[in-house]
Amino acid sequence: MALARFKAKGIKMGRMQRAKGARGERELARELTRVLGVETGSIYRSVQHAGREGAGDVLGVAGVHIESKRTESLSLYKAMEQALDDCGRDIPIVCHKRNLQQWLVICELRDLVKLSRAIVAIVDSESEPPR
């Protein structure tokens, strides 16, 4: 996603930056899978499967548009603006991680209850016993 946006603006992203971003997206997908307790592979890096403009960096969390930022410094409002521009009807969130730190989840306060409900729905659906 970021690569297409950079190309459209005439900005070149280095190979190391792209690789770090891709690693961060895979890492975030694994961490979300663990935290939400969902089946392995149900949350995944979008470029591997979709690669379409407007898709979040990580897919598989219903109703949530996820932008992944694996960087030491983050322009928070610029990152959220990107998520808002691309989210459509989904709840936009930015997940950020610095080296040797935990992932942080950032959302607009007005979306906090909707995001919480979306997460509870996912966790509850995974914890129901099979019929």
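These exercises walk through a predicted model of one protein chain.

**Exercise 1. Get an overview of the fold.**

Task: State how many helices and strands the protein chain has, and in what order they run.

Solution.
- Step 1. Count the elements. The protein chain has five helices and five strands.
- Step 2. Read them from the N terminus. The order is α-α-β-α-β-β-α-β-β-α.
- Step 3. Look at burial. The chain has 131 residues, and 36% of them count as buried.
- Step 4. Look at the surface. The accessible surface is about 8700 Å², with 53% belonging to carbon and sulfur atoms.
- Step 5. Look at contacts with a separation of 6 or more. Residues 24 or more positions apart account for 51% of them.

**Exercise 2. Describe helix α2.**

Task: Compare the span of α2 with the expected value, then find its buried residues and what covers them.

Solution.
- Step 1. Take the span. α2 has 22 residues and reaches 31 Å from first C-alpha to last. The expected value is 32 Å, so the two are close, at 1.5 Å a residue.
- Step 2. List the buried residues. They are Ala22, Gly24, Glu25, Leu28, Ala29, Leu32, Thr33 and Leu36.
- Step 3. Recall the helix rule. An α-helix has 3.6 residues a turn, so residues three or four places apart point the same way.
- Step 4. Find the cover. The elements over these buried residues include β1, β2 (58-59), β3, β4 and α5 (112-127).
- Step 5. Go past the end of the helix. Gly37 follows α2, and its phi is positive, near 70 degrees.

**Exercise 3. Map the nonpolar cores.**

Task: Say which residues of the largest nonpolar core touch the most other members, and which elements supply the core.

Solution.
- Step 1. Start from the general trend. In soluble globular proteins, nonpolar side chains tend to be buried together.
- Step 2. Find the best-connected members. The largest core has 17 residues, and Leu28, Ile43, Val58, Val61, Val64, Ile66 and Ile93 touch the most other members.
- Step 3. Assign elements. α2, β3, β4 and α5 each give two or more residues to this core. The largest share, four residues, comes from α2.
- Step 4. Zoom in on Val58. Beyond its neighbours within four places in sequence, Val58 contacts Glu25, Leu28, Ala29, Leu32, Ile43, Tyr44, Arg45, Ser46 and Ile66.
- Step 5. Note another core, apart from the largest one. This core has five residues, including Ala79, Met80, Val94 and Ile106.

**Exercise 4. Trace the salt bridges of α2.**

Task: Find the partners of Glu25 and Glu27, and say where each partner lies.

Solution.
- Step 1. Take the total. The structure holds six salt bridges.
- Step 2. Start with Glu25. Arg45 pairs with Glu25, the closest N and O atoms being 2.6 Å apart. Arg45 is in strand β1 (residues 44-45) and Glu25 in helix α2 (residues 15-36), 20 residues apart. Both Arg45 and Glu25 are buried.
- Step 3. Move to Glu27. Glu27 and Arg70 form a salt bridge at 3.5 Å, N to O. Arg70 is in strand β3, and the pair is 43 residues apart.
- Step 4. Add the other bridge. Glu27 also pairs with Lys97, with closest N and O atoms 3.9 Å apart. Lys97 lies in strand β4 (residues 91-97) and Glu27 in helix α2, so this pair ties together parts 70 residues apart in sequence.
- Step 5. Join them. Shared partners link Glu27, Arg70 and Lys97 into one network.
- Step 6. Check exposure; buried means under 20% relative accessible area. Arg70 is at 18%, so Arg70 counts as buried. Lys97 is at 9%, so Lys97 is buried too. Glu27 is at 23%, so Glu27 counts as partly exposed.

**Exercise 5. Place His65 and Asp90.**

Task: Decide whether His65 and Asp90 are buried or partly exposed, and list what they meet.

Solution.
- Step 1. Locate His65. His65 lies in strand β3 (residues 64-70).
- Step 2. Judge its burial. His65 has 4% relative accessibility, so His65 counts as buried.
- Step 3. Find its polar partner. The side chains of His65 and Glu67 make a polar contact of 2.9 Å.
- Step 4. Locate Asp90. Asp90 sits in the loop between α4 (76-86) and β4.
- Step 5. Judge its burial. Asp90 has a relative accessible area of 33%, so Asp90 is partly exposed.
- Step 6. List its contacts. Leaving out residues up to four places away in sequence, Asp90 touches Gly63, Val64 and His65.
- Step 7. Compare sequence and space. Asp90 and Ala62 are 28 residues apart in sequence, and their C-alpha atoms are 8.2 Å apart.

Technical notes: Residues are numbered from 1 along each chain as its sequence is written. This is a predicted model: local features need pLDDT of at least 70, side-chain atom pairs count only at pLDDT 80 or more; totals for chains, interfaces and linings use all residues. Side-chain values use heavy atoms; hydrogens and water are left out. Buried means under 20% relative accessible area, exposed over 50%, partly exposed in between (1.4 Å probe, protein chains only). A polar contact is a pair of N or O atoms within 3.5 Å; within protein, one must be able to donate a hydrogen and the other to accept it, and residues adjacent in sequence count only if both atoms are side-chain atoms. A salt bridge is a side-chain nitrogen of Lys or Arg within 4 Å of a carboxyl oxygen of Asp or Glu. Contact means heavy atoms within 4.5 Å. Accessible areas come from the Shrake-Rupley method with a 1.4 Å probe; for residues, only the protein chains shown count as cover. A nonpolar core is a set of buried Ala, Val, Leu, Ile, Met, Phe, Trp, Tyr and Cys residues joined through side-chain atoms within 4.5 Å.
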